Amino acid sequence: MKKLIQKVKSGDEAAFQQLIDETKSMTFYTAKGILKNDQDAEEVVNFAYLHMYQKIDTLKNAEKFNSWFSKIVVNLSLNKLKQIQNREFIFSQFESDEYREDYLEHIEDNNINNNPQ
């Protein structure tokens, strides 16, 4: 793994693809374990590999790659989970009739075709 990491650090695209191939399954299942959704997990995996590629020069000890990269995946997954939960909270607010009516009162419809005559 150490030689592979060194190759990736030097810009070897084939080595980067090999690293992806060797870690993709673990990466996906780590993200899916947190997010419980394939599509969200795939999104996190893609961001994780992009982040890893951009930051691999900061990895000082190639032997710690697995824990370093796992931390990236977990952190991105937790961030995505917070984003999903916030979105669900916002949408749940619209399910309340009181909130919906209050919100709709503040929307102006200036389209003349929608105004009754």
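**Exercise 1. Is Lys80 buried or exposed, and what is its relative accessible area?**

Solution. Step 1: recall the cut-offs, where buried means under 20% relative accessible area, exposed over 50%, and partly exposed in between (1.4 Å probe, protein chains only). Step 2: Lys80 has a relative accessible area of 9%, so Lys80 is buried.

A note on the material: this is a predicted model, in which local features need pLDDT of at least 70 and side-chain atom pairs count only at pLDDT 80 or more, while totals for chains, interfaces and linings use all residues. Residues are numbered from 1 along each chain as its sequence is written, and side-chain values use heavy atoms, with hydrogens and water left out.

**Exercise 2. Describe the chain as a whole: its helices, its strands and its buried share.**

Solution. Step 1: helices (H or I, at least four residues) and strands (E, at least two) are DSSP runs, numbered from the N terminus. Step 2: the chain has five helices and zero strands. Read along the sequence, this gives the pattern α-α-α-α-α. Step 3: the chain has 117 residues, and 26% of them count as buried. Step 4: a contact means heavy atoms within 4.5 Å. Among contacts between residues at least 6 apart in sequence, 53% join residues at least 24 apart.

**Exercise 3. Find the largest nonpolar core and say which helix gives the largest share.**

Solution. Step 1: a nonpolar core is a set of buried Ala, Val, Leu, Ile, Met, Phe, Trp, Tyr and Cys residues joined through side-chain atoms within 4.5 Å. Step 2: the largest such core holds 25 residues, and those touching the most other members are Leu19, Met52, Ile56, Phe65, Trp68 and Phe69. Step 3: two or more residues each come from helix H1 (2-9), helix H2 (13-35), helix H3 (38-55) and helix H4 (65-94). The largest share, seven residues, comes from H2. Step 4: take Trp68 as a case. Leaving out residues up to four places away in sequence, Trp68 touches Met52, Lys55, Ile56, Thr58 and Leu59.

**Exercise 4. Place Ile5 and list what it touches.**

Solution. Step 1: Ile5 sits in helix H1. Step 2: its relative accessibility is 0%, so Ile5 counts as buried. Step 3: not counting residues up to four places away in sequence, Ile5 touches Leu19, Ile56, Leu59, Ala62 and Phe65. Step 4: Ile5 and Leu59 are 54 residues apart in sequence, yet their C-alpha atoms are 9.3 Å apart in space.

**Exercise 5. Follow helix H2 from its N-terminal end to the loop after it.**

Solution. Step 1: at the N-terminal end, Asp12 caps H2, with a side-chain oxygen 2.9 Å from the backbone nitrogen of Ala14. Step 2: H2 has a kink of about 55°, centred on Thr23. The bend at a residue is the angle between axes fitted to the seven residues ending there and the seven starting there. Step 3: the buried residues of H2 include Phe16, Leu19, Ile20, Thr23 and Phe28. Step 4: just after H2, Lys36 takes a positive phi of about 60°. Lys36 belongs to the loop between H2 and H3, and Lys36 is exposed because its relative accessible area is 65%. Step 5: the side chain of Lys36 reaches the backbone oxygen of Gly33 at 2.5 Å. This is a polar contact (a pair of N or O atoms within 3.5 Å; within protein, one must be able to donate a hydrogen and the other to accept it, and residues adjacent in sequence count only if both atoms are side-chain atoms).

**Exercise 6. Which residues form the salt bridges, and what is the situation of Asp40?**

Solution. Step 1: side chains of opposite charge can pair when their charged atoms come close. A salt bridge is a side-chain nitrogen of Lys or Arg within 4 Å of a carboxyl oxygen of Asp or Glu. Step 2: the whole structure has two salt bridges. Step 3: Asp38 pairs with Lys32, the closest N and O atoms being 2.8 Å apart. Asp38 counts as partly exposed at 41% relative accessibility, and Lys32 counts as partly exposed at 29%. Step 4: Glu43 pairs with Lys80, the closest N and O atoms being 3.1 Å apart. Glu43 lies in helix H3 and Lys80 in helix H4, so this pair ties together parts that are 37 residues apart in sequence. Glu43 is partly exposed, with a relative accessible area of 32%.

Step 5: Asp40 is found in helix H3. Asp40 is buried yet has no salt bridge; Lys80, the nearest side chain of opposite charge, is 4.2 Å away. For charge, Lys and Arg count as positive and Asp and Glu as negative, with His and the chain ends not counted. Step 6: not counting residues up to four places away in sequence, Asp40 touches Leu35, Lys80 and Ile84.
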